[in-house]
Amino acid sequence: MKLILDTEACTGHGRCYSLAASLFDSDEQGHSVLLASSVDEGSLSEARAAVVNCPEGAISLVDD
Ligand code: SF4
């Protein structure tokens with residue numbers, strides 16, 4: 001699966017990098033930075049948690 005971050009939509013709530021620290025980090029303004037675009041089986045639950053908890057709908061998980 002592939003993780004996509006819409007940096008224009010991100011307003012920096014920080015839920016993604018709190019819930020999925022292996023996949024997201026924050027920049028100096030608190031906006032999300034994608035650490036890995038390819039999601040393996042072991043990171044799938046973290047990735048899904050980030051998708052459903054982003055209040056801006058800025059994170060998508062798609063088939064690659
Ligand atoms: S949860 Fe969504 S809005 Fe918040 S930092 Fe992550 S991508 Fe941005």
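How many residues surround the ligand, and which are the closest? In this predicted model, the ligand has 13 residues around it, and the closest are Cys 10, His 13, Gly 14, Cys 16 and Cys 54. The ligand occupies a space that is the largest cavity.

The shell around the ligand can be described by class and by element. It comprises 6 nonpolar, 5 polar and 2 charged residues. The element that gives the most to this shell is helix α1, which spans residues 15-19 and supplies 3 residues.

Two of the cysteines named among the closest residues may be considered next. Cys 10 has a relative accessibility of 13% and Cys 10 is therefore buried, since the cut-off for that class is under 20%. Cys 54, with a relative accessibility of 17%, counts as buried because this value also falls under 20%. As for bonds between cysteine sulfur atoms, the structure contains 0 disulfides.

Cys 10 and Cys 16 lead from the ligand to another part of the chain, for both are among the contacts of Ser 32. Ser 32 belongs to strand β3, which covers residues 32-34. Is Ser 32 buried or exposed? Its relative accessibility is 7%, so Ser 32 counts as buried. When neighbours within four places in sequence are set aside, Ser 32 is in contact with Leu 5, Cys 10, Cys 16, Tyr 17, Phe 24 and Asp 25. Of these partners, Cys 10 and Cys 16 are also listed with the residues closest to the ligand.

Technical notes. Residues numbered from 1 in each chain as written. Predicted model: local features only at pLDDT ≥ 70, side-chain atom pairs only at ≥ 80, totals over all residues. Heavy atoms only, no water. Disulfide = S-S within 2.5 Å. Buried < 20%, exposed > 50% of the residue type's maximum accessible area, 1.4 Å probe, protein only. Near = heavy atom within 4 Å. 1 Å grid on protein atoms, 1.4 Å probe; cavity = no way out; pocket = protein on both sides within 12 Å on 5 of 7 lines; lining within 4 Å. Sits in = over half its atoms within 2 Å of the grid points. Helix = DSSP H or I, 4+ residues; strand = E, 2+ residues; numbered from the N terminus. Nonpolar A, V, L, I, M, F, W, Y, C, P; charged D, E, K, R; others polar. Contact = heavy atoms within 4.5 Å.
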